[in-house]
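The following exercises are to be worked through with the sequence and the model at hand. Each task is followed by a solution in steps.

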Amino acid sequence: MKIFVIGGTGLVGSYLLPRLVEKDNEVFALTRTQDKIQRIKKIGANGILGDIRNLQALKKNLPDKLDIIVLLAMPSVKPGQRMTKKLKEELRKETNDFFRNSMDLAIDYNIPIILPSGTSFKTENDEIADETWPILRIGLTEIGTDTDEMVNRAIKTQNPKVIQLLYGKIYGNGGLFRFIYNMMVKGRAKIIGKGDNYIPNIHASDAASAIIKAIEKLPIGEKFIIADDTEVTQKDFTIYMAQLMNKKRPGHIPAFIIRLVLGKDFYEIIRLNCKVSNAKAKRVLDWKPDYPSYKEGLEETIKEMKVKKNYFA
Ligand SMILES: NC(=O)c1ccc[n+]([C@@H]2O[C@H](COP(=O)([O-])OP(=O)(O)OC[C@H]3O[C@@H](n4cnc5c(N)ncnc54)[C@H](OP(=O)(O)O)[C@@H]3O)[C@@H](O)[C@H]2O)c1
């Protein structure tokens, strides 16, 4: 298959591209950086130079025929950056452009597209969210409000044909997780507030394998929660990571300080309590995580991060 990956040089993309190539697909990966074109080539894929926000220029570099598009690109948020109203509005516009242009491209080629989102659900006590739950847009996740509408419209009209994967917090060798790792190395990682809220997790490699299953099965118009099998609080995840890295147990930072320093938008998502079910992905996609819990996943990831950086970093 001819597969165009937008965001193939990011955290999930770096696990996805080699596997798509291994499976004998002809893979095209978009990047804004000339330097990464060679690196994409080295793993047997084709680097496409361009920016998803500039569709006209990008189209000239694409082949005449494609079979499917995978969107993984997202506008970057600098770790530690305060989320202002202005910045949030810029991110919302940028995210809208990413979705609109990627979906327009899928319409042009008349092919399906796999789109990303997050497990933005608010659960209480023993509640477990599944794909029938409404996506909650609060804090920073509000930047996805318009794209939810775009996706829901496409599901209704089948134009373009979409599949959406709702990822838990993605960890692996690269992306924002490298920032958390570096904070831990410096002994500066903190538990936010009490840290007793549950956050779903998924290893980047398992996020990639879910995309491969979605390409194989093509369940058009469906959404799937992609998270591992294990419930864990923010606190226990952080403490376990510190233990693996032989660091002392991270202290707590009062939630109101996070709110003051990083703004209400970050505060609201960091404090969100969410437990999810991955049963639909297992049933329909025949997918299951190779790292069913953060424990095995973190162990492997920390080992890897000690010795090498992300391939595209
Ligand atoms: N990380 C998480 O915890 C999490 C949780 C839920 C959902 N998600 C979603 O899952 C997807 C994958 O996440 P990730 O962590 O792998 O993402 P990531 O590492 O942040 O990926 C960044 C990618 O986006 C590309 N990109 C950024 N701006 C671009 C532009 N204007 N035009 C073209 N490409 C652009 C970058 O390409 P170049 O720099 O090479 O140009 C890079 O390949 C994202 O959509 C993300 O929102 C992530």
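A residue is called buried if 20 or more other C-beta atoms lie within 10 Å of its own, exposed if 12 or fewer, and partly exposed in between, with C-beta atoms placed from the backbone. Helices (H or I, at least four residues) and strands (E, at least two) are DSSP runs, numbered from the N terminus. The model is predicted: local features need pLDDT of at least 70, side-chain atom pairs count only at pLDDT 80 or more, and totals for chains, interfaces and linings use all residues. Residues are numbered from 1 along each chain as its sequence is written.

**Exercise 1. Strand S10**

Task: Determine which residues of strand S10 are buried on each side, and state how S10 pairs with strand S6.

Solution.
- Step 1. In a regular strand the side chains alternate between the two faces of the sheet.
- Step 2. In S10 (residues 223-226), Lys-223 and Ile-225 lie on one side and Phe-224 and Ile-226 on the other; all four are buried, and both faces are thus covered.
- Step 3. Two strands pair if DSSP finds at least two bridges between them. S6 (residues 162-167) and S10 are joined by four bridges in the parallel sense.
- Step 4. Opposite Ile-226 of S10 stands Tyr-167.

**Exercise 2. The ligand shell**

Task: Establish which residues come nearest to the ligand and which elements contribute to the shell around it.

Solution.
- Step 1. A residue is near a molecule or strand if its C-beta atom, placed from the backbone, lies within 6 Å of it.
- Step 2. The shell holds 27 residues, of which Gly-10, Leu-11, Thr-31, Arg-32 and Ala-73 come nearest.
- Step 3. Two or more residues are given by each of helix H1 (11-22), strand S2 (26-31), strand S5 (113-118), strand S7 (169-171) and helix H6 (175-185). The largest share, three residues, is that of H1.
- Step 4. For the composition, Ala, Val, Leu, Ile, Met, Phe, Trp, Tyr, Cys and Pro count as nonpolar, Asp, Glu, Lys and Arg as charged, and the others, Gly among them, as polar. The shell then divides into 13 nonpolar, nine polar and five charged residues.

**Exercise 3. Helix H1 and its cover**

Task: Identify the buried residues of H1 and the elements that cover them.

Solution.
- Step 1. Leu-11, Val-12, Gly-13, Ser-14, Tyr-15, Leu-16, Leu-17 and Leu-20 are the buried residues of H1.
- Step 2. Two residues are in contact if their C-beta atoms, placed from the backbone, lie within 7 Å. The cover of these residues includes strand S1 (2-6), S2, S7, H6 and helix H7 (204-217).
- Step 3. Just after H1, Asp-24 takes a positive phi of about 65°.

**Exercise 4. The nonpolar cores**

Task: Locate the residues with the most contacts inside the largest nonpolar core, and follow the contacts of Leu-71.

Solution.
- Step 1. A nonpolar core is a set of buried Ala, Val, Leu, Ile, Met, Phe, Trp, Tyr and Cys residues joined through C-beta atoms within 7 Å.
- Step 2. The largest such core has 71 residues, and Val-5, Ile-6, Val-70, Leu-71 and Ile-226 have the most contacts inside it.
- Step 3. Residues up to four places away in sequence being left out, Leu-71 touches Ile-6, Gly-7, Phe-98, Ser-102, Ile-113, Ile-114, Leu-115 and Pro-116.
- Step 4. A second core, separate and of six residues, includes Leu-91, Leu-140, Ile-143 and Tyr-267.

**Exercise 5. Backbone features in loops**

Task: Describe the backbone of Gln-158, Pro-160 and Asp-286, and decide whether Gln-158 and Asp-286 are buried or exposed.

Solution.
- Step 1. Gln-158 lies in the loop between helix H5 (145-157) and S6. Its phi is near 60°, a positive value in a residue other than glycine.
- Step 2. Because Gln-158 has 11 other C-beta atoms within 10 Å, it is exposed.
- Step 3. Pro-160 lies in the loop between H5 and S6, and the peptide bond from Asn-159 to Pro-160 is cis, with omega near 0°.
- Step 4. Asp-286, in the loop between helix H11 (279-284) and helix H12 (294-307), likewise has a positive phi near 60°. With 10 other C-beta atoms within 10 Å, Asp-286 is exposed.
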